[in-house]
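Subject: Structure for you to look at

Hello,

I am passing on a structure that you have not worked with before. Please open it next to this message and follow along.

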Amino acid sequence: MEHTWHYGGKTYPFDISESESMARMCGGLNTLREEIGTLGGDSASDNLRGQCLIIRRFFDTVLGEGTGEAVCGAAFSADAHTTAYMEFILFVSAQVSAFREKVAAVEEKYMNRAAELTQAYGV
């Protein structure tokens with residue numbers, strides 16, 4: 001399982017199986033959901049800038065202060081910001097899948113062993 005996100009020539013450590021990373025991810029997603037609902041500026045330009053700022057705050061929350069601009073760039077390009085966000089979500093999804101597979105393998109191994117011990121020793 002990869003614990004480093006590579007994007008834009010830089011690396012960002014992130015491990016969904018580590019409690020602090022999970023807490024930051026949940027906090028970032030919750031804030032993102034709340035803030036998306038508040039969009040509605042006076043112009044399309046305001047809305048695009050608002051979307052970009054929300055995504056930057058997500059990255060700052062999850063990966064550390066200043067990461068939003070480092071990942072998305074200085075310009076307020078909705079395309080660049082959305083692409084970075086989607087790439088990160090795909091990275092996290094791959095981590096979640098790999099972690100679930102690992103947990104399932106461990107459960108299968110030890111659940112079978114527990115069943116064997118129960119049969120052998122009547123426990």
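How many salt bridges does a search of the whole structure find? The search finds 2. Before going into them, please note that this is a predicted model.

Salt bridges

One of the two pairs is E35 with R57, where the closest N and O atoms are 3.1 Å apart. E35 sits in helix 1 and R57 in helix 2, so this pair links distant parts of the chain, 22 residues apart. R57 is partly exposed, because its relative accessible area is 38%.

R56 and E69 also meet through their side chains in a salt bridge, at 4.0 Å from N to O. Because R56 belongs to helix 2 and E69 to helix 3, the pair ties together parts that are 13 residues apart in sequence. The two partners can be looked at in turn for exposure. R56 has 9% relative accessibility and therefore counts as buried. E69 has a relative accessible area of 44%, so it is partly exposed.

An acid without a salt bridge

D60 is also worth a look. This residue is found in helix 2. D60 is buried and yet has no salt bridge. Which side chain of opposite charge is nearest to D60, and how far away is it? It is R57, at 7.5 Å. As a general point, side chains of opposite charge can pair when their charged atoms come close. A salt bridge needs a side-chain nitrogen within 4 Å of a carboxyl oxygen, so the cut-off is what to hold against that distance.

What D60 does have is a reach from its side chain to the backbone nitrogen of G68, at 2.8 Å. Leaving aside residues up to four places away in sequence, D60 touches E65, G66, T67 and G68.

The hairpin

Strand 1 (4-7) and strand 2 (residues 10-13) pair in the antiparallel sense over 4 bridges. Two of the partnerships can be named: Y7 has K10 as its bridge partner in strand 2, and H6 has T11. The two strands form a hairpin with 2 residues between them. In the turn, G8 has a positive phi of about 60°.

In a regular strand the side chains alternate between the two faces of the sheet. Strand 1 has W5 and Y7 on a covered face, while T4 and H6 are on an uncovered one.

The nonpolar core

Which residues have the most contacts inside the largest nonpolar core? They are W5, F14, F59 and F88, in a core of 20 residues. At least two residues of this core come from each of strand 1 (4-7), helix 1 (19-36), helix 2 (44-63), helix 3 (67-72) and helix 4 (78-121). Helix 2 gives the most, with 6 residues.

F14 shows what such a position looks like. Not counting residues up to four places away in sequence, F14 touches H3, T4, S21, M25, V62, L63, F88, F91, V92 and Q95.

Helix 4

V92 lies in helix 4. Is V92 buried or exposed? Its relative accessibility is 7%, so V92 counts as buried. Apart from residues up to four places away in sequence, V92 touches F14, I16 and M25. V92 and H81 are 11 residues apart in sequence, and their C-alpha atoms are 17 Å apart in space.

V96 lies in helix 4 as well. With a relative accessible area of 25%, V96 is therefore partly exposed. From V96 to R56 is 40 residues in sequence and 23 Å in space, C-alpha to C-alpha.

D79 is another residue of helix 4. D79 counts as exposed because its relative accessibility is 59%. The C-alpha atoms of D79 and S45 are separated by 13 Å, with the two residues 34 apart along the chain.

A suggested order for viewing: begin with E35 and R57, go on to R56 and E69, and then turn to D60 and its contact with the backbone nitrogen of G68.

Regards

Notes. Residues numbered from 1 in each chain as written. Predicted model: local features only at pLDDT ≥ 70, side-chain atom pairs only at ≥ 80, totals over all residues. Heavy atoms only, no water. Core = buried A, V, L, I, M, F, W, Y, C linked by side-chain atoms within 4.5 Å. Buried < 20%, exposed > 50% of the residue type's maximum accessible area, 1.4 Å probe, protein only. Contact = heavy atoms within 4.5 Å. Pairing = 2+ DSSP bridges. Lys, Arg positive; Asp, Glu negative; His and termini not counted. Polar contact = N/O pair within 3.5 Å; in protein donor to acceptor, adjacent residues only side chain to side chain.
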